[in-house]
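Q: Please take a close look at one ligand site in this model. Begin with the polar contacts there, and then set the site beside the other parts of the structure.

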Amino acid sequence: MQHVIVFVEHRQGQTRKITFELATEARRIADALGGKACAVVLGAGAAQLAEQLKIYPLDTIYVAEDGDVDAYLLDPNVDYLQAVAQRIGPSLVLIPNTLSGRDVAGRIMVRLSAGIVADVVDMHVSGGEVVCVSPKLGGALITNCALRPGDYGVVTVRPSAFAAAAAGSGAEIVPLEKPAKSYPAAIERDVEEGIGELALEEAPVVVAGGRGLGGPEPFDTLLKPLARALGGAVGASRAAADAGWVPYNLQIGQTGKTVTPKLYIAVGISGAIQHKVGMRASGTIVAINKDGAAPIAEFSDLLVVGDAFRIVPELTKLIDTAKGHLS
Amino acid sequence: MKIVVTVKLVPDPNAEKRIDPQTKRIVRTGVETVLNPYDEYALEAALQLKERAGGESRVTVFSMAPEPLKETLRKALAMGADDAVILSDAGLEGSDVWASAYAIAAALRKLEFDLLIVGGLTDDSSTGAVPGALAEHLGLPCVTNARKVDLAEGALEVERETDVGYQTVRTPMPALLTTALTFGEPRYASLKGIMGAKKKTIAATALADLALDLPVGTGGSKTELRDFAPPPPRGKGQTVEAADGPAGAQAIFDFLQAKKLV
Ligand SMILES: Cc1cc2nc3c(=O)[nH]c(=O)nc-3n(C[C@H](O)[C@H](O)[C@H](O)COP(=O)(O)OP(=O)(O)OC[C@H]3O[C@@H](n4cnc5c(N)ncnc54)[C@H](O)[C@@H]3O)c2cc1C
Ligand SMILES: Nc1ncnc2c1ncn2[C@@H]1O[C@H](COP(=O)(O)O)[C@@H](O)[C@H]1O
């Protein structure tokens, strides 16, 4: 492993902070390995996004604005990524640890005969070897896992684990050739549902609601104003998503998103283990729950036992008032 | 239609995982081994598709696991799978994701199927990389996070969850699917199912049957666990009983202000 390749996830050229975090981290690791830092941007909007990435410390940005990338499920992405890896030679591939990032990772691992470390929150190079820090068993264990010497390695990286810093000197943009291939899994429809203004994984504050809210309306009338006052985003437990109160992409936990905000406020959430693994690494955890014996008491910094419907509006008022005094 | 479902056997997810501070190993005593919950959803999807396809349809469950855990697979048979295959071998011990996926793929190559359904994640390791890896090894189209599947002539019409919403995807068979939990809650085994499961076969295979080209186990792994430790303890915080809404709000506000979070 000598170079570092960042796989860029985006929709129509719109990307998330993780891309910039990976671009920044790629430079650091590439310097330690004595190689180049590159990124691969594919599909509609790739050229425009590549221009935007130039302010990050990358050497080369490989681009393919190929319609197949958006018309077929992941296969074209994997082909292009493989082509880049083989073109530049032994390298470490960094992929966001997201739903589709995980799919790309499992596949490119086989294409490149590479080892993989998943859900990485820190990385360093020692003695030429890449060593990754990753929480396992739902965060009950923090592991140090090395990629053994070999040509290629794959790492999926947890969003918000690394800082992003623009420090580019103008990466070279290199167009990729279209592979002469046909693909089996055609995307017939692609629907976006209620994405928040702020991506959950990037929000400095998350206000999450659970079954205790009793229906969809309190997410709008209670949680949104509180999240807005704190400059944060709204999330949910699986119970709330299963009930259809919020879309699944707001779900936090083992089958949803992993978040690490400075402040996590759990409202009417009991704190089941599958929920806990998605938020336990948050800076400060505050819970509002009617039940003082709810499991969330065991891992929150403050549990206020009381009725969310009475507490949350008052809290929003207090915060808004305090902000008013400051401005 | 022939369907194969992969099932990992994992420690009970509801048991809090603890590390013995002396041995630095996971405490397994008193923790039951169960079917990985995500694979129960995969099995539920397989059973629903079998019922819909009718005819000579069959569901086979496959697991790579130590031989003594074999009987745990009866639960899958009781739920309605027709038979099971278990790959066990001391030579598999210490396999990482790469080595496990390589061995599982080789074992699956010996089975005949139109559809391979894989769980989305494992509760104990949660890499989510195995499905994509199996698709590559086996040369199958790979459609993940399915919440609804319609059978069309030799093809599948799949509705799948994405990070931002959902997609519909059409794929020819044979194919690999993973299921989202929204596919449907796994069924309970009926008493009849439990009785019937006792007579169903669990076939055993070992590495010698697979004639692998590459090594597996610790030696064949491409990653190496160096060390591990529990995260810094997160002390149990304070609990405040709120007399009313304003009192509760004030308690939170004061706490946040003390932490400079507002
Ligand atoms: C394979 C698998 C994967 C899963 N993945 C996830 C996942 O990713 N994320 C996830 O969240 N869950 C997940 N779950 C589900 C998880 O086990 C729990 O069922 C779920 O988290 C419970 O959600 P909840 O806390 O909102 O509901 P409940 O457990 O029902 O808790 C509701 C809480 O609200 C409180 N409450 C009620 N009324 C009020 C009020 N007026 N004011 C204040 N408090 C009130 C109650 O005291 C209670 O503690 C998964 C389960 C399985 C089996
Ligand atoms: N040892 C195993 N035996 C059978 N299936 C497995 C095994 N390991 C992983 N799988 C399958 O791969 C899925 C994803 O696993 P993972 O990528 O490890 O999170 C699981 O839900 C299983 O269906």
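A: At the site of ligand 2, a backbone N or O atom of Gly128(B) lies 2.9 Å from an oxygen atom of the ligand. Such a pair is a polar contact, that is, two N or O atoms within 3.5 Å, with the added conditions within protein that one must be able to donate a hydrogen and the other to accept it, and that residues adjacent in sequence count only if both atoms are side-chain atoms. An oxygen atom of ligand 2 is also 3.1 Å from a polar backbone atom of Leu121(B), and an oxygen atom of the ligand is 3.1 Å from an N or O atom in the side chain of Asn36(B). The protein buries 97% of the 480 Å² that ligand 2 exposes when taken alone, with accessible areas coming from the Shrake-Rupley method with a 1.4 Å probe and, for residues, only the protein chains shown counting as cover.

Before going further, note that this is a predicted model, in which local features need pLDDT of at least 70 and side-chain atom pairs count only at pLDDT 80 or more, while totals for chains, interfaces and linings use all residues. Residues are numbered from 1 along each chain as its sequence is written, chains are lettered from A and ligands numbered from 1 in the order in which they are written, and side-chain values use heavy atoms, with hydrogens and water left out.

The shell around ligand 2 has 20 residues, of which Thr6(B), Asp39(B), Thr122(B), Gly128(B) and Val130(B) come nearest; a residue is near a molecule or strand if one of its heavy atoms lies within 4 Å of it. By class, this shell holds nine nonpolar, nine polar and two charged residues, where Ala, Val, Leu, Ile, Met, Phe, Trp, Tyr, Cys and Pro count as nonpolar, Asp, Glu, Lys and Arg as charged, and the others, Gly among them, as polar. Strand E4 of chain B gives the most to the shell, with three residues; helices (H or I, at least four residues) and strands (E, at least two) are DSSP runs, numbered from the N terminus.

The other ligand gives a useful comparison. Residues from chains A and B surround ligand 1, so its site is shared between chains. Of the 29 residues around ligand 1, Ser237(A), Thr255(A), Ser270(A), Gln274(A) and Asn289(A) come nearest. Two of these also appear in its polar contacts: an oxygen atom of ligand 1 is 2.7 Å from an N or O atom in the side chain of Gln274(A), and a polar side-chain atom of Asn289(A) lies 2.7 Å from an oxygen atom of ligand 1. The side chain of Gln251(A) likewise has an N or O atom 2.8 Å from an oxygen atom of ligand 1. Of the 990 Å² of accessible area that ligand 1 has on its own, the protein covers 81%. Its shell divides into ten nonpolar, 14 polar and five charged residues, and among the elements that each supply at least two of them are helix H9 (308-326) of chain A and helix H1 (37-53) of chain B.

Away from the ligands, the largest nonpolar core has 59 residues, and Leu81(A), Ile95(A), Met109(A), Val154(A) and Leu116(B) have the most contacts inside it. Helix H3 (residues 97-108) of chain B gives the most to this core, with eleven residues. A nonpolar core here is a set of buried Ala, Val, Leu, Ile, Met, Phe, Trp, Tyr and Cys residues joined through side-chain atoms within 4.5 Å, and buried means under 20% relative accessible area, exposed over 50% and partly exposed in between (1.4 Å probe, protein chains only).

Some backbone details complete the view. A cis peptide bond with omega of about -5° joins Met173(B) and Pro174(B), and Pro174(B) lies in the loop between strand E9 (165-172) and strand E10 (175-179) of chain B. Although not a glycine, Asn145(B) has a positive phi of about 55°; Asn145(B) belongs to strand E7 (residues 142-152) of chain B and is buried, with a relative accessible area of 12%. Gln12(A), also not a glycine, has a positive phi of about 50°, but at 54% relative accessibility Gln12(A) counts as exposed.
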